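Good morning, and thank you for making time for this short presentation. Please look at the sequence and the model as they come up, and I will then take you through them.

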Amino acid sequence: MLSYRHSFHAGNFADVLKHITLIQSLEYLRNKDKPFCCIDTHAGPGKYALDGDYALKNREFDNGIAKLWQRNELPDSVAHYVSLIKRFNSSDTLTRYPGSPLIAKQLLRDKDRLCLFELHNTEIKLLTAEANKDKRINVFHADGLTSCLKLLPPFERRGLVLIDPSYEMKSDYQQVVETLIAMHKRFATGTYALWYPVIERSRNQKLERAIKACGINNVQLFELGIRADSDEHGMTASGMIVINPPWTLTAEMKQILPWLADVLGHNDEGFYRIQTLAGE
Ligand code: SAM
């Protein structure tokens, strides 16, 4: 039984890093004329009301998109991200936030495809309504980690897989590594972007060790923390582990992560990590 609802967390500091990574990776794929396929294994409902009860409960977006919304002189990739979010808001007031499916949809060309997986019975209905009979989008009410293997390699032979689990079960940390290995066996040239939270650092250390040991090359880690590691504050940091990142991504992250750590960090506790988990 799944209980996680991303509506409580939409637009928080973790979404900022995740969605900038998604946008930068898709922009890179768009640079070439050839079509690509984007797969989102944990799509969520597609969009979020930041003026709705769920988002307002803890107002996590206040320390994410809301801090960037009215700010001038943003770094380029942050400005691009904010401009995509602004397209969903009809006025200057921030009330809507697109999830990864609607962000990716904005970056699709006619020839590109988007495949979305979602398991939650309520979220899948919302997501299906959002896909809105767009011929480029396929929505699957299925387990994204196992079912997405059937789509690999995509016939375009170019693409990105976003893996954004809710980590409701501790076993998810192990399962994502096994899935990455299986995905990479089928489609070794694809880009894979795995999101992770930092709640208990030892779990992340285990995850990083498993990725380093799994034999996959060309893996980068990008992490943004808003507080020093602690067991008392829930999620204090989050990151993206990217296999076959666009060659431009690390340089971009070097520009924006110090800036984001400064702007979104609590009481000067913001920090970032950029690490090569496996060389090319
Ligand atoms: N990617 C979304 C975004 O950026 O807007 C947020 C996704 S949220 C973190 C994770 C979602 O995965 C939840 O909606 C949850 O219901 C769904 N989920 C959990 N386990 C799943 C699985 N095995 N396959 C597909 N969806 C799953």
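I begin with D268, which is found in the loop between α10 (249-264) and β10 (271-278). Helices (H or I, at least four residues) and strands (E, at least two) are DSSP runs, numbered from the N terminus. D268 has a positive phi of about 65° although it is not a glycine. With a relative accessible area of 78%, D268 is exposed; the terms here are buried for under 20% relative accessible area, exposed for over 50%, and partly exposed in between, with a 1.4 Å probe and protein chains only.

Before going further, I should state that this is a predicted model, in which local features need pLDDT of at least 70, side-chain atom pairs count only at pLDDT 80 or more, and totals for chains, interfaces and linings use all residues. Residues are numbered from 1 along each chain as its sequence is written, and side-chain values use heavy atoms, with hydrogens and water left out.

A second residue with unusual backbone geometry can be set beside D268. R59, in the loop between α2 (53-58) and α3 (65-69), is not a glycine either, yet has a positive phi of about 50°. Its relative accessible area is 39%, so R59 counts as partly exposed. There is also a cis peptide bond, from L152 to P153, with omega near -5°. P153 is located in the loop between α7 (144-147) and β6. For context, most residues other than glycine have a negative phi, and most peptide bonds are trans.

Now to the chain as a whole. The protein chain contains ten helices and ten strands. How does its radius of gyration of 17 Å relate to a compact globule? For 280 residues such a globule would have a value near 19 Å, so the chain agrees with it; the radius is taken over C-alpha atoms, and the globule rule is 2.2 Å times the number of residues to the power 0.38. Along the principal axes, the C-alpha atoms fill a box of roughly 45 × 40 × 40 Å. Of the 280 residues, 55% count as buried. Among contacts between residues at least 6 apart in sequence, 77% join residues at least 24 apart, where contact means heavy atoms within 4.5 Å.

Which residue carries the "active site" annotation? The UniProt record, an unreviewed entry, places that annotation on D164. UniProt positions are given in the numbering used here, feature names are shortened, and annotations may be inferred rather than shown by experiment. D164 lies in the loop between β6 (159-163) and α8 (171-186). Because its relative accessibility is 12%, D164 counts as buried. Leaving aside neighbours within four places in sequence, D164 is in contact with K18, T41, H42 and W195.

Finally, the segment before α1 (13-30) holds R5, and Y4 lies in that segment too. R5 is buried, at 16% relative accessible area, whereas Y4 is partly exposed, at 29%. Beyond neighbours within four places in sequence, R5 is in contact with Y54, H120, T122 and E123. R5 and T122 are 117 residues apart along the chain, with their C-alpha atoms separated by 9.6 Å. On the same basis, the contacts of Y4 are H9, H120, S166 and E168. H120 is thus in contact with R5 and with Y4.
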